[in-house]
Amino acid sequence: MEDTDRRSHDESSDESTTNGDTRVLEPDACHETVDPETREAVMEEYGHKCQLCGRCGPEENGLAKLHAHHIERNPEDVDEHDMENLTLICRACHSWHHQQSEPEDAPVDITEEDLTVLLPQDIEILQVLADDGPGRTGDIAGELTADLSVSAVRERLWVLMGLDNRVESRDRQIVDKDVETGEWGLTEQVENSARGHIPDDQQLLLQRMEDEQVRRALERGCNRNDVIDAFGITRRTTFNKMKRAYAYDFPLDAFGRGGRPSEATRSEQDTQVTESESDEQQRLDDVTEEESSDLGRTETWGTPEPDSDEQTARNGDQRDKRSVAEDSVSEELRTHLQQAINSLQEINSAL
């Protein structure tokens, strides 16, 4: 199993059969089905921290009682007690798990195939978006009945946003993020989709490119440990990168080697930028005319005094320094990504 967030289709995930009778296990009983050695390994793997609400256990100076929780009962591709099928949640969240929202409560149609990816809190997140409209991650987290951390809610929003890229039968998104406002919403609530967007920020651009490289490598069957070594990241980070890659669907193929957009892509982007700048200038002109009309006069701007030769030289030096610094950062990012790409190509060739 590649995704530790997967769950079973029905309540059988927390059921046990004894002498032909089926009984629903309480949270503590589910926890006790894991042997002490495995439970301790799960605690260490997740840093003694609930993966839903973020509360810590006594080992990390917290008060939460933590449970090793089976993501699926009777998984197909791993042993039931395999680390891939276990996560760590606190007793409160485990109890909440038994009072989960049902798919029929969702404001969009949820299929059986969707439920192989979604968790109960995802249904409630959809309900919050439908009721309250687009919102920031923290605002959404504050509306949930489960006490989830902001980072945990953000991860679930990535999953919801990329659901159509993970579920074969789903042909459209159900959640999106507005690239202008940073707010999450149901697809029809978002005007400027972040799907396929190429960020201007260099660090964010590198993250998007790495996310997509990790996704493709793992989907090709590359060993996860080899991917971890190639990118210098943790095991948990590979799962988050997969979620983000599915969500944002970064157009990596539009870039040539070294992280530069292809000529065709640059030409298309230049056209889009020119049109965008033209539209923005028109909006500014409209606002200026409206403000001038309200004031009953035309706004004029004074011409600044020309810079002295010394000031001009100083300004030129500052611009040159900024340009050199920006080029250095860009080159460092491209070099880092290229090294990771080369490592992945070597891994892929060895398969």
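Buried means under 20% relative accessible area, exposed means over 50%, and partly exposed lies in between. With those words in hand, here is a friendly tour of the structure, which is a predicted model.

## Salt bridges

Let us start with the charged pairs. The structure holds 13 salt bridges, and three of them are laid out in the table below.

| Acidic partner | Basic partner | Closest N to O distance |
|---|---|---|
| Aspartate 114 | Arginine 170 | 2.6 Å |
| Glutamate 219 | Arginine 215 | 2.6 Å |
| Aspartate 253 | Arginine 216 | 2.8 Å |

Take the pair of aspartate 114 and arginine 170, which form a salt bridge with their closest N and O atoms 2.6 Å apart. Aspartate 114 sits in the loop between α3 (91-97) and α4 (120-132), while arginine 170 sits in the loop between α7 (163-166) and β5 (175-177), so this pair ties together parts that are 56 residues apart in sequence. Are the two partners buried or exposed? Aspartate 114 is buried, as its relative accessible area is 0%. Arginine 170 is buried too, with a value of 14%.

The pair of arginine 215 and glutamate 219 stays within one element. Both residues belong to helix α8 (residues 202-219) and are 4 residues apart, about one turn of the helix. In general, an α-helix has 3.6 residues a turn, so residues three or four places apart point the same way. Arginine 215 counts as buried because its relative accessibility is 14%, whereas glutamate 219, at 45%, counts as partly exposed.

Helix α8 also takes part in the bridge between arginine 216 and aspartate 253, whose side chains meet at 2.8 Å, N to O. This pair links distant parts of the chain, with arginine 216 in helix α8 and aspartate 253 in the loop between α10 and α11, 37 residues apart. Aspartate 253 is exposed, with a relative accessible area of 65%. Why does arginine 216 count as partly exposed? Its relative accessible area is 24%, and partly exposed covers the range between the 20% and 50% cut-offs. Salt bridges with shared partners join Glu212, Arg215, Arg216, Glu219 and Asp253 into one network.

## Two helices with many buried residues

Helix α10 (235-248) comes just before the loop that holds aspartate 249. The 14 residues of α10 should span 20 Å at 1.5 Å a residue, and the end C-alpha atoms of α10 are 21 Å apart, which agrees. How many residues of α10 are buried? The count is 11 of the 14, so α10 is largely enclosed by the rest of the structure. Among them are Phe239, Met242, Tyr246 and Tyr248, and charged residues including Lys241, Lys243 and Arg244.

Helix α6 (residues 150-161) has 12 residues and reaches 16 Å from its first C-alpha to its last, close to the 16 Å expected at 1.5 Å a residue. Here 9 of the 12 residues are buried, so α6 is also largely enclosed by the rest of the structure. The buried residues of α6 include Val153, Leu157, Trp158, Val159 and Leu160, as well as Glu155 and Arg156.

## Loops and backbone

The loop between α2 and β3 holds cysteine 53. This cysteine 53 counts as buried because its relative accessibility is 9%. The C-alpha atoms of cysteine 53 and serine 149 are separated by 4.8 Å, although these residues are 96 residues apart along the chain.

Asparagine 61 belongs to the loop between α2 and β3 (66-70). Its phi is near 65°, a positive value in a residue other than glycine. Most residues other than glycine have a negative phi. Asparagine 61 is exposed, with a relative accessible area of 78%.

Aspartate 249 has a phi near 50°, which is again positive in a residue other than glycine. Aspartate 249 lies in the loop between α10 and α11 (263-295) and, at 32% relative accessibility, counts as partly exposed.

## A patch of negative charge

Which residues gather in a patch of negative charge on the surface? They are Glu40, Glu44, Glu59 and Glu60. Glutamate 40 is found in helix α2 (residues 36-45) and is partly exposed, with a relative accessible area of 40%.

Conventions. Residues are numbered from 1 along each chain as its sequence is written. This is a predicted model: local features need pLDDT of at least 70, side-chain atom pairs count only at pLDDT 80 or more; totals for chains, interfaces and linings use all residues. Side-chain values use heavy atoms; hydrogens and water are left out. Patches are made of residues with over 30% relative accessible area and no salt bridge: like charges are joined within 9 Å, nonpolar side chains (Val, Leu, Ile, Met, Phe, Trp, Tyr) within 5 Å. Accessible areas come from the Shrake-Rupley method with a 1.4 Å probe; for residues, only the protein chains shown count as cover. A salt bridge is a side-chain nitrogen of Lys or Arg within 4 Å of a carboxyl oxygen of Asp or Glu. The place of a charge is taken as NZ of Lys, CZ of Arg, CG of Asp or CD of Glu. Buried means under 20% relative accessible area, exposed over 50%, partly exposed in between (1.4 Å probe, protein chains only). The expected span of a helix is 1.5 Å times one less than its number of residues.
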